[in-house]
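Here's a quick briefing to read with the structure open beside you. Have a look at the fold, then come back for the details.

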Amino acid sequence: MYWHESHAQVFALLRDIAEMSSVITCFGYDDACHFAPWVKSHLANSEDPTAQRIVRDFDFFIDKFHFRGHTDPNCRATYDPHTRPYVQALNTSNVEILWHWLNRYGHIVRHMHSARAELLLTHMCMLRNTVPL
């Protein structure tokens, strides 16, 4: 479980998602005001077609849950989720809810082999999504 993710780690996840689907062209993230410039500066000359598509086509915005904590005027003007109509129907807090739920298992998973941890978390997610509360 990650407590603080680096821009490279976030980009690796974004790249995997973008590679799986050519339909996705936006990315909401709590630190988009720092992440988007990092992507553009570090990957502008990349020869990777997926990285090129992300730099060229993706719209980055701060998720609605974290936006109120961003006070820089440029940040608020450039990455405001409320100015994007396609974001209005999304519950961008779902990831925070998921992290809160997953972090309850962090102390157990931290001491497991990665394959066993993945098996446990996959099973727990399956149960959470299928068993009524």
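Let's start with a charged pair: R56 and D57 join their side chains in a salt bridge, with 3.1 Å from N to O. Keep in mind that this is a predicted model. The pair is one part of a count of 4 salt bridges, and the rest of the briefing works outward from there.

**Salt bridges**

- On the R56–D57 pair, R56 is exposed at a relative accessible area of 56%, while D57 is partly exposed at 36%.
- R15 pairs with E19 in another salt bridge, and their closest N and O atoms sit 2.9 Å apart.
- R15 and E19 are 4 residues apart in helix α1, so about one helical turn separates them.
- As for cover, R15 is partly exposed with 21% relative accessibility, and E19 is partly exposed with 48%.
- R15 also meets D48, side chain to side chain, in a salt bridge of 2.5 Å from N to O.
- Because D48 belongs to the loop between α2 and α3 and R15 to helix α1, this pair ties together parts that are 33 residues apart in sequence.
- Put those pairs together and you get a salt-bridge network linking R15, E19 and D48.

**The loop before α3**

- D48 has another job on the contact list: at the start of α3, one of its side-chain oxygens comes to within 3.2 Å of the backbone nitrogen of T50.
- The backbone nitrogen of D48 is also spoken for, lying 3.1 Å from a polar side-chain atom of S46.
- S46 is in the loop between α2 and α3, and counts as buried at 18% relative accessibility, because the cut-off for buried is under 20%.
- Which residues does S46 touch once its neighbours within four places in sequence are left aside? They are A51 and Q52.

**Helix α3 and its packing**

- Helix α3 covers residues 49-57, and its buried residues are T50, A51, R53, I54 and V55.
- What do the buried residues of α3 pack against? Their partners are α1 (7-20), α2 (32-43) and β2 (59-61).
- T50 therefore shows up twice in this briefing, as a buried residue of α3 and as the residue whose backbone nitrogen is approached by a side-chain oxygen of D48.

**A nonpolar patch on the surface**

- M126, L127 and V131 make a nonpolar surface patch of about 240 Å².
- M126 sits in helix α8, which spans residues 114-130.
- With a relative accessible area of 45%, M126 is partly exposed.

**The chain as a whole**

- The secondary structure adds up to 8 helices and 2 strands, and reading along the sequence gives the pattern α-β-α-α-β-α-α-α-α-α.
- If you're setting up a box, the C-alpha atoms fill roughly 40 × 35 × 25 Å along the principal axes.
- The chain has 133 residues, and 32% of them count as buried.
- Among contacts with a separation of 6 or more, 63% come from residues 24 or more positions apart.
- About 9000 Å² of the chain is exposed, with carbon and sulfur atoms supplying 60% of that area.

Conventions: Residues are numbered from 1 along each chain as its sequence is written. This is a predicted model: local features need pLDDT of at least 70, side-chain atom pairs count only at pLDDT 80 or more; totals for chains, interfaces and linings use all residues. Side-chain values use heavy atoms; hydrogens and water are left out. Buried means under 20% relative accessible area, exposed over 50%, partly exposed in between (1.4 Å probe, protein chains only). Contact means heavy atoms within 4.5 Å. A polar contact is a pair of N or O atoms within 3.5 Å; within protein, one must be able to donate a hydrogen and the other to accept it, and residues adjacent in sequence count only if both atoms are side-chain atoms. Patches are made of residues with over 30% relative accessible area and no salt bridge: like charges are joined within 9 Å, nonpolar side chains (Val, Leu, Ile, Met, Phe, Trp, Tyr) within 5 Å. Accessible areas come from the Shrake-Rupley method with a 1.4 Å probe; for residues, only the protein chains shown count as cover.
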